[in-house]
Amino acid sequence: MPELPEVETIKRSLLPLLVGKKIINVDIKVPNLLKYPLADKEHFEEVLKGSTFLDIQRRGKYLLFHLNKGWILVIHLRMTGRLLYTPKDQTIEKHTHVIFSLDDGNDLRFHDIRKFGLIYLVPQDGLHLLKGLSGLGPEPLSDDFSLDSFKLALKNKKQKIKPLLLNQNFIAGIGNIYADEILFQAKVHPEEIISNLGEDKIEKIYDAIRDRLTKGIEFRGTSIKDYVDGLGQSGMFQNELKIYGKKGELCLNCGHVFERINVGGRSSTICPWCQKKN
DNA sequence: ACCTTTGTTAAGGC
DNA sequence: TGCCTTAACAAAGG
Ligand SMILES: [Zn+2]
């Protein structure tokens with residue numbers, strides 16, 4: 001489940017390997033992954049073949065591959081997507097759906113067990129065509145995301161806190177793993193109604209967002225089931241998790257047993273003692 | 001054969 | 001109408 005820290009780690013691992021490399025061939029085995037604006041296999045092949053990578057950016061959970069000739073390849077990995085820089089002679093693993101052959105003897109392979117990933121190809125000035133991308137909220141680790149702006153954005157809201165943290169239009173890049181870790185660190189119940197949160201709790205949530213995401217990047221992401229970086233290497237943040245997926249284990253703060261509840265249709269693990277509702 | 005997983009969005013409700 | 005919740009969908013592994 002690549003969230004902000006995982007996607008950022010993939011970006012950092014691929015950047016030095018891809019910039020300046022030219023795509024000499026594209027093999028699209030599963031055209032369904034190609035999406036709007038023009039979900040057409042031949043179109044993708046025609047544009048991508050002969051294009052060179054200029055830069056890679058991350059926005060939320062999206063990866064933006066800037067190509068010469070004025071196009072941007074946009075990829076979202078959703079649940080199980082992987083982008084793997086692989087020697088071209090290496091055996092092609094099951095669930096490899098797109099292969100970009102590079103002029104350095106390697107491939108960039110898109111691998112996705114669930115096939116939920118999304119691949120877009122837009123003109124340089126056409127990013128606004130991608131609704132999910134252009135509607136994203138602030139980057140939580142950028143200066144745009146200040147404590148004051150966070151407080152302002154939460155003002156008068158009457159919904160539960162966790163679904164809002166997962167709302168990409170409100171704040172970009174947080175998924176279920178980091179949301180649980182953030183709320184546990186801030187000692188806030190995921191179903192807490194935002195208007196019931198005091199200033200101190202809002203500050204704690206703000207600090208926890210910055211802290212957990214930063215640490216997630218430092219530890220090169222969370223590898224629980226599927227996630228690996230662009231070189232196939234696992235991260236280490238799974239060893240730092242304090243609550244996600246730990247139903248039945250003991251809280252290290254208070255000794256109570258972690259419970260699993262459903263919030264907004266998503267499973268959530270909580271400490272019933274540390275994360276009480278107001 | 002059913003249940004779980006999650007990100008995103010369309011549809012529904014108040 | 002605006003704010004918020006719910007459910008559906010994608011696909012395959014356990
Ligand atoms: Zn506790």
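Domain bounds here come from an automatic or database domain assignment.

## Model and conventions

This is a predicted model, with pLDDT of at least 70 needed for local features and 80 or more for side-chain atom pairs, while totals for chains, interfaces and linings use all residues. Residues are numbered from 1 along each chain as its sequence is written, chains are lettered from A and ligands numbered from 1 in the order in which they are written, and side-chain values use heavy atoms, with hydrogens and water left out.

## Two domains in chain A

Chain A splits into domain 1 (4-134) and domain 2 (147-270). Taken over C-alpha atoms, the centres of domain 1 and domain 2 are 28 Å apart. Contact (heavy atoms within 4.5 Å) links 19 residues of domain 1 with 19 residues of domain 2. The two domains bury about 1600 Å² between them, 63% of it on carbon and sulfur atoms; buried area is the accessible area (1.4 Å probe) that two parts lose on being put together, summed over both. On the domain 1 side, P5, E6 and T9 supply 31% of the area buried against domain 2, more than any other three residues.

What about specific pairings? A salt bridge is a side-chain nitrogen of Lys or Arg within 4 Å of a carboxyl oxygen of Asp or Glu, and the count between domain 1 and domain 2 is 0. Polar contacts do turn up: 7 residue pairs between domain 1 and domain 2, both residues at pLDDT 80 or more. A polar contact is a pair of N or O atoms within 3.5 Å; within protein, one must be able to donate a hydrogen and the other to accept it, and residues adjacent in sequence count only if both atoms are side-chain atoms.

Helices (H or I, at least four residues) and strands (E, at least two) are DSSP runs, numbered from the N terminus. The elements giving two or more residues to the side of domain 1 that touches domain 2 are α1 (4-18) and β5 (81-87). Of the elements there, α1 gives the most, with 10 residues. By class, that side of domain 1 has 9 nonpolar, 4 polar and 6 charged residues, where Ala, Val, Leu, Ile, Met, Phe, Trp, Tyr, Cys and Pro count as nonpolar, Asp, Glu, Lys and Arg as charged, and the others, Gly among them, as polar.

## Around DNA strand B

A residue is near a strand if one of its heavy atoms lies within 4 Å of it. DNA strand B has 16 residues around it, the closest being H76, Q168, Y244, R260 and R266. Of the strand B atoms that come within 4 Å of the protein, 57% are sugar and phosphate.

Side-chain N or O atoms reach phosphate oxygens of strand B at 3.3 Å for K131 and 3.4 Å for N176. R266 goes for a base instead, with a polar side-chain atom 2.5 Å from a base oxygen of strand B. Elements that give two or more residues to the surface near strand B are α3 (131-134) and β10 (266-270). That surface divides into 3 nonpolar, 6 polar and 7 charged residues.

## Around DNA strand C

The residues around DNA strand C include I113, R114, F116, N156, K157 and R266. Sugar and phosphate make up 67% of the strand C atoms within 4 Å of the protein. Phosphate oxygens of strand C lie 3.1 Å from a polar side-chain atom of H95, 3.1 Å from a side-chain N or O atom of K115 and 3.5 Å from a polar side-chain atom of Q159. By class, the surface near strand C has 2 nonpolar, 3 polar and 6 charged residues.

## Salt bridges

The salt-bridge count comes to 17. E199 pairs with K151 in one of them, with the closest N and O atoms 3.2 Å apart. E199 sits in helix α7 (residues 199-218) and K151 in helix α4 (residues 147-154), so this pair ties together parts that are 48 residues apart in sequence.
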